[in-house]
Amino acid sequence: MMFSANEVQMLAQKAARGAGAYPAQAAHFGRVVAYHLTANRSADALSSALDALPSGPIQTLPVTTDESDVCALATSYREALLPAQQRPDLPARLLCPEALLSQMQKLAHKTYVPSSQGSRASGAGAGLTDND
């Protein structure tokens with residue numbers, strides 16, 4: 001399915017957070033997913049990285065320089081971490097494989113506040129004053 005590059009990045013970031021990644025690594029991973037899919041690299045590498053959380057390449061690739069950590073994601077991480085003026089441009093829309101999309105949606109769902117009276121009482125959700 002086709003999505004905006006921003007939608008894919010944000011969903012990947014939420015999925016990484018839902019699977020246990022630290023916020024900074026999840027943000028990097030979101031950007032990496034967009035570059036990875038733009039380059040038509042294997043979505044299996046992204047799926048495996050999410051499965052490996054809370055450890056694995058999402059936690060180690062952004063900060064490692066050890067060649068033993070090289071995997072299918074390493075090139076995408078290098079591209080995503082370049083200074084903005086050196087990074088390749090992302091297309092407006094990306095093709096995201098259904099299996100990866102489903103996996104990311106399930107993991108992202110873990111970051112949502114439960115829909116309950118208790119969570120609403122503690123401030124979750126839109127209140128009456130939020131409606132125009």
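## Helix H3 and the core around it

In this predicted model, helix H3 spans residues 43-52, and Ala43, Ala45, Leu46, Ala49 and Leu50 are buried within it. Viewed down the axis of H3, these buried residues fall within an arc of 160°, so they line one face of the helix. This arrangement can be read against a general property of helices: an α-helix has 3.6 residues a turn, so residues three or four places apart point the same way. On the face of H3 turned away from the buried side are the exposed residues Asp44 and Asp51.

The buried residues of H3 pack against four helices, namely H1 (5-18), H2 (23-38), H4 (57-60) and H6 (98-109). At the N-terminal end of H3, Ser42 acts as a cap, with a side-chain oxygen 3.1 Å from the backbone nitrogen of Asp44.

The largest nonpolar core holds 35 residues, and those with the most contacts inside it are Phe29, Leu50, Ile58, Leu100 and Met104. At least two residues of this core come from each of H1, H2, H3, helix H5 (74-80) and H6, and the helix that gives the most is H2, with seven residues. As a general tendency, nonpolar side chains in soluble globular proteins are buried together.

Which residues does Ile58 contact, leaving aside its neighbours within four places in sequence? They are Ala21, Gln25, Phe29, Ala49, Leu50, Leu53 and Tyr77. Among these, Ala49 and Leu50 also belong to the buried residues of H3.

The loops on either side of H3 hold two backbone features. Asn40, in the loop between H2 and H3, has a positive phi, near 55°, although Asn40 is a residue other than glycine. Pro54, in the loop between H3 and H4, is joined to Leu53 by a cis peptide bond, with omega near 20°.

Two polar residues outside H3 can be set side by side by their relative accessibility.

| Residue | Place | Relative accessibility | Class |
|---|---|---|---|
| Asn40 | loop between H2 and H3 | 71% | exposed |
| Glu79 | helix H5 | 19% | buried |

Why does Glu79 count as buried? Its relative accessible area is 19%, and the class of buried residues takes in values under 20%. Asn40, by contrast, counts as exposed because its relative accessibility is 71%, where the cut-off is over 50%. Apart from neighbours within four places in sequence, Glu79 is in contact with Tyr35, Arg41, Arg87 and Pro88.

Methods
Residues numbered from 1 in each chain as written. Predicted model: local features only at pLDDT ≥ 70, side-chain atom pairs only at ≥ 80, totals over all residues. Heavy atoms only, no water. Buried < 20%, exposed > 50% of the residue type's maximum accessible area, 1.4 Å probe, protein only. Arc of directions from axis to C-beta. Contact = heavy atoms within 4.5 Å. Polar contact = N/O pair within 3.5 Å; in protein donor to acceptor, adjacent residues only side chain to side chain. Core = buried A, V, L, I, M, F, W, Y, C linked by side-chain atoms within 4.5 Å.
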